[in-house]
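Please show the model and walk through how its sheet and core can be read.

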Amino acid sequence: MSGITTHVLDTAHGAPAAGVGVLLAVRTGEGWRELDRAVTDAEGRVRAFPNAGSLEETTYRLRFETGEYFRALGVVVFWPHVEIAFDVQDPAEPHHVPLLLSPYGYATYRGS
């Protein structure tokens, strides 16, 4: 099981973003290999990617299907998806990658 988790907050609505599709991939040479897919729960969280395997010292990417999420709410959106790539330097540490989201902007940071 991977040590990667995420949390999506819809800052436009002031609430967790439930139902956002999230894809986890790992860098392989010049491309990416999909490891697992998940959907944020009622609290906007993905607590685990059970099919991802153990973390390695490499680059990973989370792809959030933000367009699908906002379209389901009837909101026009500028970002069809958001991709966040990050390096894992210590596979023993947990890696929490939050996404603060609105229809026309987003922010992220390394969480704990």
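The dialogue below takes up the sheet, then the core.

Q: What kind of model is this, and how are residues numbered?
A: This is a predicted model, in which local features need pLDDT of at least 70 and side-chain atom pairs count only at pLDDT 80 or more, while totals for chains, interfaces and linings use all residues. Residues are numbered from 1 along each chain as its sequence is written, and side-chain values use heavy atoms, with hydrogens and water left out.

Q: Which order do the strands of the open sheet have?
A: Strands of a sheet pair through backbone hydrogen bonds, either parallel or antiparallel. Here strands are DSSP runs (E, at least two residues), numbered from the N terminus, and two of them pair if DSSP finds at least two bridges between them. The open sheet has four strands in the order E4-E3-E6-E7, with antiparallel pairing. Strands E4 (31-39) and E7 (82-87) stand at the edges with a single partner each, so one side of each has no neighbour in the sheet.

Q: How many bridges join E3 to E4, and how many join E3 to E6?
A: E3 and E4 are joined by eight bridges, with threonine 28 partnered by glycine 31 in E4. Strand E3 (residues 21-28) pairs with strand E6 (residues 59-64) over five bridges; leucine 23 has arginine 63 as its bridge partner in E6.

Q: Is E3 mostly covered or uncovered?
A: Six of the eight residues of E3 are buried, meaning under 20% relative accessible area with a 1.4 Å probe, protein chains only.

Q: Which residues does leucine 62 touch?
A: Leaving out residues up to four places away in sequence, leucine 62 touches Ile4, Leu24, Phe49 and Val97, among others; contact means heavy atoms within 4.5 Å.

Key
Buried < 20%, exposed > 50% of the residue type's maximum accessible area, 1.4 Å probe, protein only.
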